Amino acid sequence: MRLLNSLFLAALFLVSAGLSAQDETETTKRDPGHLNTNRFKQMYEEFSTPNMFRTASGAPGPNYYQQQADYVMDVELDDKNKKINGYETITYTNNSPDKLEFLWVQLDQNKRAKDSKSPLIESSDAQPADMAGSFVQNYMGNEFDGGFNIMEVKDAKGNSLKYTINQTMMRIDMTKNLMPGDKFVFSIKWWYNINDHVVDRARSGYETFEDGNRGYVIAQFYPRMAVYNDVEGWQNSQFWGRDEFALPFGNFEVNITVPADHILDGTGELQNRKEIFTKEMMNRYEAAQKSFDKPVIIVTQAEAEAASKNFSTAKRTWKFKAENVRDYAFATSRKYIWDMMAVKMGNSSVMAVSLYPPESNPLWEDWSTRAVASTLTSYSRMTFDYPYSKAISVSAKNQGMEYPMICWNHGRPDKDGSISERTKFGMISVIIHEVGHNYFPMIVNSDERQWTWMDEGLNTFTQYVAEQDFGEKHPEAIAPNKNYPSRRGPAKNIVDYMAGDQSQLAPIMSKGLNVYNFGANAYSKPATALNILRETIMGRELFDFAFKTYANRWMFKHPTPEDFFRTMEDASAIDLDWYWREWFYTTDYVDIGVKDVKTFFVTSKMNKEVKEMMVARGISESDLPPLVYMVEEGSEDFDESMRNSKLEDVTSLNEYIMDNIPAEERANLKSPKYFYKVTFEKPGGIPMPIIVQYTYSDGSAEKITYPAEIWRKNDESVGKVIASEKEITKIEVDPDEETADIDTSNNTWPKRKKLGAFDSFKSKTNPD
């Protein structure tokens, strides 16, 4: 009986609507058909077809492969002449099913060559003001010749190989094709002039201290194999200076010769520690391996200051080995203080390490290694146990750059020794970020040259989690009753960018070189999108499981964006195609608000709308099932007596209850006194959950989240009828600013009154 009544009433309304539409089409032309523009359609058009290399689930396929490049290098740093020279032997293994006619090697230092085209691709203009450093670099600096000088390229037998240099790429022409499963061994001899990274803001180079000493942070210092894979073939995008690096994994043996009084650390395990370390340093090192609560100083500030006074002409070679890394980097100076601390990692431990000059103290001695240790713990919880033996943070002016097991970071006290909160948290945050890059992309090895957001965005999101963890682990570093002051991650922090000029915006799924606001596009927006996914869309439990699944599936492999998107859905059972499309493939924004709120009253009196339908159908009241009528306040059918109406006064309702609901269930029925039709609008393009807080006349409140799928049939507005036992006095959308809503002026009902100039001034000066 209940079902039949519902069907009858539905048919009545549907037939009426159909007749109205038919009447209209008799005088107007039909709209043309259209393609599927629904924001919730599946992403078959955007995604590549799954194959034997990469599956539909987002996991590596049964035929997944990746190439391997192993290096043996002898490198010498000439401190006096600021030069570096080296000789490397590369063993390249072709694990692909393809025969390779030639090999491609990256020469990223050629970005600084005299004939580099990198400066020529940027438009320039005369600014009303410019930073002094930029002015010197742009208009006053001498032309610097910093590109690679290739002295020889030979095969394993010592025969010269033909090669061709195209800007930052070098093609090696082999004497025969490299077949699947085969190896090719060749060597390169090279040198280049080291740049001043403080002047040119480069990722690698030296800085000069006031006492004439230099600190070197050296990377991209050797010709490096390019990636060959199933997606791009050879990675052949030039290095113009912004998009970073795509590299294959391999094993490294690196011997680095520097002045004998230098302290040096780099990627890999030091092989000749007993030759390098004094007895006292060895004792301190052994103590550090057992210290899990505070750093142990290996080279003290007094020792570093003493070493800085003498410029040794003798040499010493540091020997390292690293397995399964995608790159190599090192830092060296006679000014370095060196400290270490052990970090528990699964069933073993790794070393958190810092190198810094006296100019960085006391800030670095207090916080650097502790930040490294905290980062390893947080990231490992979100992904996998850190697989390498150490993670090193190096103090370098104006730097923030990452390599396997080592990174350079900015942040030093002012010359008078003062340390602002901005400097302290800026330094801790950059250390967390750059150490975190060990996970993305040094281990989960995405293609930075093509998809900057895959390492920067994922890493910035995880950085936000790690920053909040750091605040909990080190409350002494945070102001009382405050959280860690994260700059990126919270939804509200991306609003200004997403509300910006559309002509200056690009989708996240854009090559980093081609976007306007690189920091917001590659770092902030994807990090925020992931944080919203975790906190609002998926929930922490499902998100964290899926995120961890992605990291474990693709550690020591080369994932694509689709591998990430598909894995997040595969491991959570949540269809997120709508979310990827809107947040990553468009520049749309979020704007959801309360459009209208109408009040209704329940009555036994038939309203005008039903009467008109009865006349149109030629039916009488006796033909209708028992009906409950709802009348809008202020409508033609409304009268003031309805304000005092009660559900028990509605005869048809009570007859229905008595006839259809067992006596033991009647006591559980609610008795709502207030009925509202709330219409939500979506001026913004991105569909998001409607998070609504309803406040009642007794001061209580409840929050209800309507899933994003509520917009699937109407992309502009949707309605919800609310039956409440208490009067609603306030409705607020997104009360906790979870969705990056760019316009909150429409988020509240009743609408907020706009303050006059004087009232606005009073509210700011007297906030209470």
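Biologist: Before anything else, how many of the 768 residues of the protein count as buried?
Modeller: In this predicted model, 51% of the 768 residues fall into the buried class. The C-alpha trace spans about 110 × 65 × 60 Å along the principal axes of the protein, and the accessible surface comes to about 36700 Å², with 49% of that area belonging to carbon and sulfur atoms.

Biologist: And what is there in the way of helices and strands?
Modeller: The protein has 18 helices and 31 strands. Among contacts between residues at least 6 apart in sequence, 76% join residues that are at least 24 apart.

Biologist: Which strands make up the open sheet of seven, and in what order?
Modeller: The order is β4-β7-β2-β1-β13-β17-β15, and the pairing in this open sheet is mixed. The edges are held by β4, residues 149-155, and β15, residues 269-270, each of which has a single partner strand, so one side of each is left without a neighbour in the sheet.

Biologist: How is β4 joined to β7?
Modeller: The two strands run antiparallel and are joined by six bridges, with β7 covering residues 183-193. As one example of the register, Ile150 has Trp190 in β7 as its bridge partner.

Biologist: Asp155 is in β4 too; is that residue buried or exposed?
Modeller: Asp155 is buried, because its relative accessible area is 16% and the cut-off for buried is under 20%. Leaving aside residues up to four places away in sequence, Asp155 touches Leu161, Phe184, Val185 and Phe186. The C-alpha atom of Asp155 is also separated by 9.2 Å from that of Thr89, a residue 66 places away along the chain.

Biologist: Switching to aromatics, how many aromatic pairs does the structure hold?
Modeller: There are 57 aromatic pairs in the structure. In one of them, the ring centres of Tyr71 and Phe252 are 4.6 Å apart and the planes meet at 15 degrees, so the pair is stacked. This pair links distant parts of the chain, since Tyr71 belongs to strand β1 (residues 68-78) and Phe252 to strand β13 (residues 250-259), with their positions 181 residues apart in sequence.

Biologist: Are those two rings on buried or exposed residues?
Modeller: Tyr71 is buried, with a relative accessible area of 3%, and Phe252 counts as buried at 2% relative accessibility. Another pair to look at is Tyr403 with Trp408, where the centres are 5.3 Å apart and the planes stand at 40 degrees, so the pair is tilted. Both Tyr403 and Trp408 are buried as well.

Biologist: Which strands does β24 pair with?
Modeller: Strand β24 (residues 593-603) runs antiparallel to strand β26 (residues 674-681), and seven bridges join them; Gly593, for instance, has Glu681 as its bridge partner in β26. β24 also pairs in the antiparallel sense with strand β25 (residues 629-632) over four bridges, where Thr603 has Tyr629 as its bridge partner.

Biologist: What about the hairpin of β27 and β28, how many residues lie between the strands?
Modeller: Four residues lie between the strands of that hairpin, and Gly699 takes a positive phi near 90 degrees there. The strands themselves, β27 (residues 690-696) and β28 (residues 701-706), pair in the antiparallel sense over six bridges, and Thr695 stands opposite Ala701 in β28.

Biologist: Which residues other than glycine have a positive phi?
Modeller: Asn481, with a phi of about 60 degrees, and Ala573, with a phi near 60 degrees, are two to look at. Most residues other than glycine have a negative phi. Asn481 lies in the loop between α9 (452-473) and α10 (495-498) and counts as exposed at 84% relative accessibility, while Ala573 is in the loop between α13 (561-570) and α14 (577-584) and counts as exposed at 76%.

Biologist: Last topic, where are there cis peptide bonds?
Modeller: One joins Asn361 and Pro362, with omega about 5 degrees, and Pro362 has its place in the loop between β20 (348-356) and α7 (363-382). Another joins Trp749 and Pro750, with omega about -5 degrees, and Pro750 sits in the loop between β31 (748-749) and α18 (757-765).

Technical notes
Residues are numbered from 1 along each chain as its sequence is written. This is a predicted model: local features need pLDDT of at least 70, side-chain atom pairs count only at pLDDT 80 or more; totals for chains, interfaces and linings use all residues. Side-chain values use heavy atoms; hydrogens and water are left out. Buried means under 20% relative accessible area, exposed over 50%, partly exposed in between (1.4 Å probe, protein chains only). Contact means heavy atoms within 4.5 Å. Accessible areas come from the Shrake-Rupley method with a 1.4 Å probe; for residues, only the protein chains shown count as cover. Two strands pair if DSSP finds at least two bridges between them. Rings of Phe, Tyr and Trp (its six-membered ring) pair if their centres lie within 6.5 Å; planes under 30 degrees apart count as stacked, over 60 as edge-to-face and the rest as tilted.
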